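Q: I'm new to this one, so could you walk me through it?
A: Gladly; here it is, and then we can begin with a term.

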Amino acid sequence: MAEILTTNFKSDTVRKFISDATANEYFVFVSGIESVTPVNSIKSKNEFLSKTLFGKRIRPEDTKYMIRYYPWQNGDVYVQYDDAVNLEGEKFYAIVGPTNNDTGDYRVFKCLFNNYGGEVSSPPAYDPTVADQIYRTADNYVWKYMYVISLVEFDAYNALGYVPITGTFAEDPTFTTGGSPLSDIFIENKDSNLGYFKKGGNLSQNPSPDGTVVTTIDSGFNPLQNYYAGMWIYFTNPNQSSYLYEIDTYTYNNVTKRAIIRVKDNDPSNSSAGLPGQDGVAGNAALQILPRIEVIGDGSGARAIPVVSNEGRITSIQVLDFGSGYNSVSARVVDPAFDFAPDDQTTTDVRAEIRAVLSPPDGHGFNLVDELKCTHALLYGYITGDDNSEIGATNTYNGVGIVREPTFTGPTPEVFDNRIAVVSDDYDLVTVNSTITQIDEDNNITFSGVVHEIDPLNSTFYIAEYAGPYQNQPASDISLDLTKNFRNETGQLVQINSPAASNVTTSAYTQRTGKIYYMEDFFPLSRNVLSREEFKIVFEF
């Protein structure tokens, strides 16, 4: 029995996480002088928090929905959108970067048709004047434009082969139509269907209100009564406006050599079957007679025409109107009434097998998070020059994590230093990475920490990793006792300058608070006064 956890569940989980991350305080925590090997345990999480050196708040605007980075590359094959296929993990969209466009940014295009698995050679070029933002490129691919990533956004947020969903978009839009438009109609046997025919020509005069049109002199029209009845007639005016009708009746005048066609339902002399603002079929319009495509479903408005080769094969389907409100849809090519007999074994005629494909609900581009199979989120934090003056500028660290809702004394800071700063004229008695302690009357250690940094100019040293297994002072989250001196590793006393309360600065962070969502250890990284770190954590759901 198949069990499927759909991408809807995963995308909704991403939404909930991002909603929480933007509504609450999330921090990047930097931890560890010595090796931290995290595991998903209480002990490991406590150890990580105990070794915290500094942290930086993640701004809500630096929390991003992320999708995989599939750059458009010449010669690649992209997976076409198909409502019957699981597209998660598939390369069904391409990101056209500055090297392949003239907009200087990154444009995301969804592949609607891949020319039957062909390689790409012509990137889609964004044009704001294209009404439906669907592009048919020279390599016979069809693309739907989705959104833009500016160069600044790309540089800031791309991470680990992922890029952000950017711009103004509805994270979880409410569907309005109760269904979908048609996306495409695929041919399942494009190489084997056979026996179809088409006819082209022009009109010789304006259409009549009763639906009658008359062609120019053309001996190529079939003289048989109603030979083309039930097929499409597709008109294209000189201004490229177009109209589609079903042929009701057809006759051919052998004397005038003109075809007389009456169409169903509509008056081709007005714009009832065309686009808004068009004036109807022109008296000199070009026409094509084609096999009729019938779209059947619970929505309405979808119309399409076939592309018929000279050999009599339907090679593709061109959707003219995508309609709306479909939840179930099918399509078929209506058999021509004459000269097409695929059920007769004495002929070579073969029906075209076609399949209607629905767009996502409310159409392509309506719901970017669901459509692009977004199952990842980015939390981005960074250390600026100003931040660097407030945290430790030397030594190394090898742990980084994401902590939710840590607590602080006072307002929540943008950046915090978790070390204890001690002003002491005895600063020269301590060394970096050595242990410094306090002991009680029975010679028991009551406080222990690691010297992280020494500032000789200000007679100051900094203590890290001090949240040890010792009894905290009353109303304090650490065991440091301001009435006691320190001892270095050789037993020498290290005195705090007097008064001690004015010469010791502790962290505003309440030790070991916050919920750890992520931990990672790596090869130790060194800091200096010029350090500028970027932390890009991509979560997968």
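Q: What is a nonpolar core?
A: A nonpolar core is a set of buried Ala, Val, Leu, Ile, Met, Phe, Trp, Tyr and Cys residues joined through side-chain atoms within 4.5 Å. Please keep in mind that this is a predicted model.

Q: How many residues has the largest nonpolar core, and which have the most contacts inside it?
A: The largest nonpolar core has 48 residues, and those with the most contacts inside this core are Ile67, Tyr93, Tyr147, Ile165, Leu372, Leu379 and Ile402. A second, separate core has 26 residues, including Tyr196 and Phe340.

Q: What is Leu379 in contact with, leaving aside neighbours within four places in sequence?
A: With those neighbours set aside, the contacts of Leu379 include Phe17, Ala21, Ile58, Asp62, Ile402 and Phe539.

Q: Changing topic, how many cavities of 30 Å³ or more are there?
A: A search of the whole structure turns up 1 cavity of 30 Å³ or more, and the space in the largest cavity comes to about 40 Å³.

Q: Which residues line the largest cavity?
A: Among them are Leu53, Phe54, Thr396, Tyr397, Arg419 and Arg527, and by class the lining has 3 nonpolar, 5 polar and 2 charged residues.

Q: And strand β25, how many of its residues are buried?
A: In β25, which spans residues 435-439, 4 of the 5 residues are buried. This strand runs antiparallel to β26 (residues 445-455), and 5 bridges join the two, with Gln438 standing opposite Phe447 in β26.

Q: What about the residues between those strands?
A: The hairpin of β25 and β26 has 5 residues between the strands, and Asn443 takes a positive phi near 65° in this hairpin.

Technical notes:
Residues are numbered from 1 along each chain as its sequence is written. This is a predicted model: local features need pLDDT of at least 70, side-chain atom pairs count only at pLDDT 80 or more; totals for chains, interfaces and linings use all residues. Side-chain values use heavy atoms; hydrogens and water are left out. On a 1 Å grid over the protein atoms alone, a cavity is a set of points where a 1.4 Å probe fits but cannot get out, and a pocket is an open set with protein on both sides within 12 Å along at least five of seven lines; lining residues have an atom within 4 Å of a point. Grid points are joined across faces, edges and corners, and a volume is the space filled by probe spheres set on the points. Ala, Val, Leu, Ile, Met, Phe, Trp, Tyr, Cys and Pro count as nonpolar, Asp, Glu, Lys and Arg as charged, and the others, Gly among them, as polar. Buried means under 20% relative accessible area, exposed over 50%, partly exposed in between (1.4 Å probe, protein chains only). Helices (H or I, at least four residues) and strands (E, at least two) are DSSP runs, numbered from the N terminus. Two strands pair if DSSP finds at least two bridges between them. Contact means heavy atoms within 4.5 Å.
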